[in-house]
Structure formats: structure tokens, C-alpha cells
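Visitor: Hi, I'm new to this one. Could you walk me through a few things once it's on screen?

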Amino acid sequence: MSTASSARSTTADSAEAPLLQVRDLHVEFRTREGVARAVNGVNYSVRAGETLAILGESGSGKSVSSQAVMGILDSPPGFITGGEIIFKGQNLLTVGREERRKIRGAQMAMVFQDALSALNPVLTVGYQLGEMYRTHKGTSRKDAKAKAVELMERVGIPGARERVTQYPHQFSGGMRQRVMIAMALALEPDLIIADEPTTALDVTVQAQVMELLADLQREYNMGLILITHDLGVVADVADKIAVMYAGRIVETAPVHELYARPSHPYTKGLLASIPRLDQKGQDLYAIKGLPPNLLHIPSGCAFNPRCPMAQEICRAEIPPLHAVTEEDGSELVGRGSACHFWKETLHG
Amino acid sequence: MPDQNTDPADDPMGTEVHSAFATPTPNLASMESEQLIEKEQLGADGPELEIGREREKARSLWQDAWRDLRGNWIFWVSSLVILFLLVVAIAPGLFTSTSPLACNLSNSLQGGSAAHPFGTDNQGCDIYSRTIHGARASITVGVFATLGSVVVGAVLGGLAGFFGGWWDAILSRITDIFFGIPLLLGAMVFLTAINSHSVWIVVAFLVILGWPQIARIARGSVITAKQQDYVTAARALGAGNSRLMLRHILPNAVAPIIVVGTIALGSYISLEATLSFLGVGLAPPTVSWGIDLSNAVQVFRNAPNTLFYPAAALSITVLAFIMLGDAVREALDPKLR
Amino acid sequence: MAEDHDASPAELRIEAALERPVQQGEPILQIRNLEKHFPLTQGILFKKQVGAVRAVDGVTFDLYQGETLGIVGESGCGKSTLAKVLMNLERATSGQVLFKGEDISRVSGRALKAVRRNIQMVFQDPYTSLNPRMTVGDIIGEPYEIHPEVAPRGDRRRAVQDLLDVVGLNPEYINRYPHQFSGGQRQRIGIARGLALKPEVIICDEPVSALDVSVQDQVINLLGGLQKEFNLSYMFIAHDLSIVRHISDRVGVMYLGKLMEIGTDEQIYEHPTHPYTQALLSAVPVPDPSGREGRERIILAGDIPSPANPPSGCRFRTRCWKAQEKCAQEEPLLAVPEVFRGRPTPAAHDSACHFAEDVDIVGAG
């Protein structure tokens, strides 16, 4: 394995400048029924070695924003209508397609939810893994195969030497996900985006795969963006969390802070609705109402129809992402809340 | 969701038509549908409630499809052409008073004139009149062959798909056998042997050779529909086979059959022309574009109008039906996505 | 006395049994050694059986009236097949399903139809469990069309609207089509359909797995409320252990077609004695970054064996850290383990392990 990655992390420069910075991203989908505003001004950043978790339900825009970052957005009907995606100092939206393609895979990789559909069923696993080396580095077929075995061993697939010639359907769900992770890892990217990597997996396998991801991140000092709706999965792995709702980030916080002291009613609602293993008997807390229709996002704060604290101002004005501070005004690093009443939510 | 690999429909065909008719998935589709407000869940009246009231009407999937179809210019153009052709086929007398059989050899191979707007063919028959009258044969054969093969194919294929097991095994093998018969060659052999040139014999034969194609589609479509949860739910309620088939499976399986049928219409029309051209299909005194084309082969170099008019008529007719089929396919496709 | 050609005496007996109320203390459903094997065949026209996928391989448990029995397990454990067999959507290979004392696992015809009135199902996927070409009113009203003898006299439309109301949907939407509703609302429609015939038992097959987190709780609360209101008995099948705990009175853990452990929710969650249960509980992610430290982490090795070829003896032994020779030779019975027998500890519940041990994974007790 290369030592370049560790060298990267020791320089002071890279420790300061984020690996990826998304600024004011806007993505919309033009459909027969109208324009669905999937992402409405999203800002986040990830450093090398850091894990950012983007939390949200369906319609929050979390997957769409990461597809935009990777440059794999289905266009049409999706269009990036504003913002910047700055990766290692370069704005990816101004870079040519060929350049973008080179970055994709080599420096930025994605792990998808459904490994069965993300992997080509008629090609062996070894071929697909080897392809990464053959196309990006021009490695010979023999060497590529050896690399594939190495990768499979690294991600914990037993009997890699024999299994390298097998097809995706011959692997179990958890093993397939490991293969996907291996593919993402192959060229030692600086950033990995994992879109619901464990949602389709059983609980015991979930734990294994998340542990693997965390392990690999530490070893290669990669930036990791974890996209999920599962608050439990996130608690283990993330350093900081961005909660999305209706295409906007409604709260950002370091992981411990978010669970202990949420400052947005939506986050509070999500945390309250988790059934605990050690709780029983009463009705579960349920956020009233339905997830938003992206064709008709409510005016003002998109969460207002469902918010227990909603007032007139919430319908009238879209709340900006306020910097969240302590009661005495002292700064809380990395915390923001897009709520007019964040103070009351946090402290009350 | 747990890691369950549901097998794709037990369908070796896997045509493009099928993937387009997969069941709806919850992504963009759920974003597109209107949001309705649950009565308890939303206390105060908000802007969403207003929007909910505006869109009061229920919208079935067929209505959606019709709305799409209406907006497609191809649908209107092809429908108008087809309508026109139907009128020509039903009442050719509206367009010409000359009989297509009033042939006078002394008028052979004349160019366009007042009496014969399209000229005359090598027998001295009026091309314009023959072109007009030829529509009837083509439309009749096309429509009835389609109807016949769709009915036979849909019933047999649907039953095979629904019951599976032995039914399916036997039917699939029979379908294979019929598929193995080359359409044109088989038609030629059969029709030569029967030695009848009646329209209905030709229709019958097209049905005999054409039903397997529809049966395949119907079988696959029924199998896909049968595997849906709502069919299982109906079974769980105690629904009998006839209710399952008629109320649940058929309405959801019929779309691909409609599409294939509409497209097949066009091909049956050209098939008839081909058979008549080869001399095994329709024969005089029946008027058919295929016969005209056959007659034109020898002489069209000197008199191109003998070839041009029947060929143009045939092409326009086939094109109109294929365009219609295309428009219908597009309208039905996204609904079931 | 005219002989009734429509129903055999057995059928009449079953129908009578379905009508009468449950005896005091008697379970409403008794499952005894239920097995469902799917044959594996070779050949195109003349199929030869070469093996079987043993999806459900000998399951025994009871369901009492008014209670919720949760069944948890991972994919391939057979819980969905179990649901289908109980619903008579699949024929059991062997074993019995006793509903109020009568075996309903092999009925057909009229008796089967009668059984369908008493045991209903809620499906997992709200996007495929409703016929997209039927209106909501038709979907919920279909049970009345199939069973006109128990349909409400007079206004059926009114009855359907009442059902919509009961599940928290606006009765005015009776003429809408499923695609005009959200996932959570569709699930409510499915529940309304299941309630139409006033069943006594409802089998919920992963009813909230496909829903958003914020909507899941609404549906769970609804199910709980309906249970209280109509005295329903639920069998709640899921893979999400937290939700199962919340709604269940008792819980059974399935692995590879068999029950590994069964007990009250407190017994299973706070005093699990079977290693598989313990591994499952330890794998459930905790929504609390600091809470993880307190919990013991068990990572299972290997993959789930093929259900066509389960391991001899205890089928969990290939992934169990406690496995010894005895485990390969002798299959452990689902019974109170010897070490806990007779003792007044919550660990004294049925567990199929030779080396059962009470370990508090969750850290609550």
C-alpha cells in the first residue's frame, strides 16, 4: 500500500483546508408535474480523516446532493442550478467532463446501497475490481487480478483467491457490499461517499460492514461522507452530522452534541421517535404530518407544518443557518441550526 | 430493508416492454404525486391544505395515460390518418365512382389524366380506384388478424402464466413450435395448399401464425402481475381465481398486450400485402395493394405511377398504425414505472 | 334431513369453531412442529426433486388473544414463509396450525374462506400491496364483495368510510387511487383493508420497514391503538429489534427455519440466553454515541448456512463462539435450559441452546 496517504496527512496545509467543500448547492428536477427543488442551498465540508454523516429521510435531498458531488446526477431530469463543489481546491462544476471522470473513481469513490444492482452481474468480481486498475492505471490483466485478490482480502472476504473468479450473485449481501467497498477503495481515493451502505443489510452484517468502513478510513486517512436515515448507525461512526430536510441543511453539529443537545425541532423529533431497546409501553413519539412534497415545498421553513413550535414567522421567513452558541454566548464549534427558535429548542 | 433477493419474474423473454412495466418504486414517483393531508395529523390550516383542496379529483392510471396520449402530436396525426383510412375502407364509393375492376386493355399504362388521376396499370385498370379500394382489404385483414391473434394469444398466454405448472410447460413448448415456423414460408405453403384466396382464410392463417407472439407477452405480463403483493393480498382475503384474474391481474397485465397489438397491426397489413404480392394471399377479383405491386414489378420502369401509388398507400397505412402503437406505448409506459 | 352437499362435517366443524369465542386461558393460535420445505428440482419437463429448501423447519409456539407476538430474525430465517403458511398462502409440508383448537393448515374451499375472515395480513411494501388500478374504496371494500355473508347490511360505502376514519385517513378520499397517497398513508389503507372483515388475528409482515422513520411511529401507534380497540391478536414479524420490543408482549427469535429463543419482551431483551439472540441484540446500533461504550459487542463470524443444507445438531453452531462437539451431535430442544430450570429468574424461558447463559447485552436490567 502506498505511503502517500500518510504523507498527505502530516502536512499542516491539508489539515486546515477541507478536502471537499460544497457551497450553496442547488439541484432541481424538471418533471412533467413541475420543478422539484431537491437541493436548496446546501453547505458542508469534509476534511481528510473525518467522517461527515448526512442524515435525512426520503425527499431530504441527501442522495441527490452526493450524486451531484460525484457527478453522476441523472441529467435530465436533474440539473445543478447553482453553487460550487470544491474538491482539493478545484471547483468540479467548472472542470471538463473528461477531467471529472478521472477524478471520479481515482480520487472520489462511491459505495451504493444495493450492491446487487451496482455490480455487473455478468462479469466476475475479479474482473470488475481489476477494471479499476486496468482503466485508470493501465495495469496488466495478471497484475490487476492479483491486486483484486489483495483488495478482497483487505475487506475481509474469506477465500479471496478462489472467490475472485465468482460472480456477484454468488456472494451474500454483506459480502457483496464488501466487494463494493473494495471497488471504491481500489485506487485509494481521498474521499468516499457511502450512500446508505448498510440499509439493505441484516443487523449483524451491518455492524461488520460499518466497522470495516471505519477501519479503512483510519488506515487510509480518507474523508468519508456517510448518507443515511439511521440515527443508530451514525452514532458509532460519524465525527459530525448534517441533518437535511426538504433540500436544506437544518442542523449541523459534532456527533456527541447532536444527540445530547439538538437545536432543531426536526432533529429533536427524530431522536424522540426512535424506539429504545430499554423503553416500553407508551405510544411512540411521532412527528405529525408527512414528509414534504418537493414540488410544493411549504413557504418559509419547510418543516413548519409539522413543527410543534411553529409560529407566524416560520411560515413567512426561511430561517438561515444560525450559529449556535451557549446561553452565555460562548461559541460552540461546528454547530448551526436553521430554526428561528433554536435558542428555545436548545436550551428549553 | 432486509437483504432479500426477490427473483425477477419467471420470464425468459425479458423484453424491453417488460422492464418498462415494472411496478412503481418509491423515489421520484412519490415526489410527483400529490400530498394529501391526513385529517388528524394537521391541526391548523396551512398553505398545504389549500393545495390539497385544489386537486380534489381522483386520477386513475388510465386517465393519466389518456392525458399523456392527448398531448402527443403523433397520436393525433396517426389517428386522423387511420380515421381517414377507415372511411376509405368502409365507403370507397365516396372517393371514386370508377370500378377498380373496369379494366380496358386499350387504356393500358396511361399517365395521369382527368379520367384516371393516377393513370392506369398494365391491365388498363384505374390506379386511383384500385388504390382507394385496396384499403378495405388491408384494413380488414390487419384489424381482424390483430383481433384474432390478440384474443387467442392473450387467453392462452394468460392462462399459462396464471396457472403455471403443466399448462405453462405445454403451452410454452407449443409456442416454441409455432415460433419455429418461418412466418412467410409457412404462410406460402399453407395458402398454396389450401388454394383459397378468401380474405378470411388469410386472416385465419395470420392468426394461426401470429398468436404465439402475443401469447409470450401475455404470459410474461401475467406472471409479473401475479407476483405483486396486491394479488397475494387478494388471495389472503379469500378471492377465487376468476376474481384474481379479472379484477387484479388482467387490468394490470393488459397494457403490454395493447402496445404489442397496436404495433402488430401494422405488420399484419404489410404481411398481407407481401402474401398477395407473392400470389398466395388475396387474388383478383379482390383488390389489394399487394396485387397491384405484383403487377407493377414488370412495368414500373416505364410507368412508375403503377408502383408509386400502391406503395405509398401501403407505407402510409403501416406507418400510421406503427406511430399509433408508439404513442400508446409511450403513454402507458411511465404510468407503471 | 337433507344432506348438505356444500360442506363436509369437517368444514362445518371448523366454521363453528371459528365463530365461538376463545376459552379462558386457551391460546387463539397454536402452531405445532410446522414445516415448509420448498423442493429443489432439476429438469425441464419431468422434474426430479434433488433437495429442499427448508424454509420453516419445525416451529412450535402459541399466540394468545389480545397479545402481540413478535418474531425477529434476519433474512433467510423463514419468518416471511412462516407468515405465508399461517395465512394459508402456502401449504404446510407438515405440522399443524390450530385455530381455536381446529387444524386449519390443510383446509380448502368453504372452510378456507371462513378461515380467511378470521386471520388477516398487513404487507410490507405499501407500493405494491395495493392494486394501482382500483380506487381506495374498492380496495377496502373488496373483502365485502368476496364475503357478502359478513358484509354490513345496507350502506357498504359508509362502512368503508368508517374504516378510513378508524385508520386516520380522510373518508372523503374514498375515490382516490393509491398512487395519490404517500407510503405511510398507503400502509394505513392496507390496514383498513385487513380490518374490514373484523378478524381476530392479524399477521403483520414487516409493516413499517419500507416507511420513513418519522412515519413508522405513526403506523406503529395506529396498530397499537387498533389492538386495544378491537382486541386483536398480532403476530408482528420484523427485523428491527427496537420496534419489535416496543409493540410486542412476547418475542420469538428465528434462525434458519427454527425458533432459537422465545419469551416475554423483558426476558428476551434483558435476559437473553441464546448466543444468537445475544449477538443480534449487540449488533443493534445505539442512537447514542456514548452508549456504545457500555455495550458488549459480539461480531458473528461467517455467513448464514444454506437453508437447503442446514448444519447438523444445532444449526447456529457454525457461527457460534460457544460451539462444542455436543452442538454438532445433538440438536438442542426449545425448552427452559437445565441451568435455569425451577429458578425464579427471568432467564428461565425457552431457549434452544446446550450452553445457555444469561448475558445482559442491552444494559438496561
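Guide: We'll go through a contact between chains, then the cysteines, then a serine.

Guide: Keep in mind that this is a predicted model.

Visitor: Okay, how many residues do chain A and chain C each put into their contact?

Guide: Chain A puts in 43 residues and chain C puts in 40 residues.

Visitor: And how much area do those two chains bury between them?

Guide: About 3,500 Å², with 56% of it on carbon and sulfur atoms.

Visitor: Which helices of chain A supply residues there?

Guide: On the side of chain A that touches chain C, α10 (203–220), α11 (231–237), α12 (255–260) and α13 (265–273) each supply at least two residues. The most comes from α10(A), with seven residues.

Visitor: What classes of residue are on that side of chain A?

Guide: There are 19 nonpolar, 13 polar and eleven charged residues on the side of chain A that touches chain C.

Visitor: How many salt bridges cross the interface of chain A and chain C?

Guide: The rule finds zero salt bridges there. For polar contact, it finds nine residue pairs across the interface of chain A and chain C, both residues at pLDDT 80 or more.

Visitor: Changing topic: how many disulfides are there over all chains?

Guide: The count comes to one disulfide over all chains. B:C103 and B:C125 form it, with their sulfur atoms 1.8 Å apart.

Visitor: Why is that disulfide called right-handed?

Guide: Because the torsion about the S-S bond of B:C103 and B:C125 is about 105°.

Visitor: Where do B:C103 and B:C125 lie in chain B?

Guide: B:C103 and B:C125 both lie in the loop between α5 (73–90) and α6 (127–163) of chain B, so the pair ties together parts that are 22 residues apart in sequence.

Visitor: Is B:C125 buried or exposed?

Guide: B:C125 counts as buried, at 4% relative accessibility. B:C103 is partly exposed, with a relative accessible area of 35%.

Visitor: What about A:C307, which cysteine sulfur is nearest to it?

Guide: That of A:C339, 6.0 Å away, and A:C307 is in no disulfide. A:C307 counts as buried because its relative accessibility is 12%, under the 20% cut-off.

Visitor: Last one: where does A:S65 lie?

Guide: A:S65 lies in helix α3 of chain A, residues 62–70. A:S65 is buried, with a relative accessible area of 0%.

Visitor: What is A:S65 in contact with?

Guide: Leaving aside neighbours within four places in sequence, A:S65 is in contact with A:L25, A:V39, A:Y44 and A:M244.

Note on methods
Residues are numbered from 1 along each chain as its sequence is written. Chains are lettered from A and ligands numbered from 1 in the order in which they are written. This is a predicted model: local features need pLDDT of at least 70, side-chain atom pairs count only at pLDDT 80 or more; totals for chains, interfaces and linings use all residues. Side-chain values use heavy atoms; hydrogens and water are left out. Helices (H or I, at least four residues) and strands (E, at least two) are DSSP runs, numbered from the N terminus. Buried means under 20% relative accessible area, exposed over 50%, partly exposed in between (1.4 Å probe, protein chains only). Contact means heavy atoms within 4.5 Å. Buried area is the accessible area (1.4 Å probe) that two parts lose on being put together, summed over both. A salt bridge is a side-chain nitrogen of Lys or Arg within 4 Å of a carboxyl oxygen of Asp or Glu. A polar contact is a pair of N or O atoms within 3.5 Å; within protein, one must be able to donate a hydrogen and the other to accept it, and residues adjacent in sequence count only if both atoms are side-chain atoms. Ala, Val, Leu, Ile, Met, Phe, Trp, Tyr, Cys and Pro count as nonpolar, Asp, Glu, Lys and Arg as charged, and the others, Gly among them, as polar. A disulfide is a pair of cysteine sulfur atoms within 2.5 Å.
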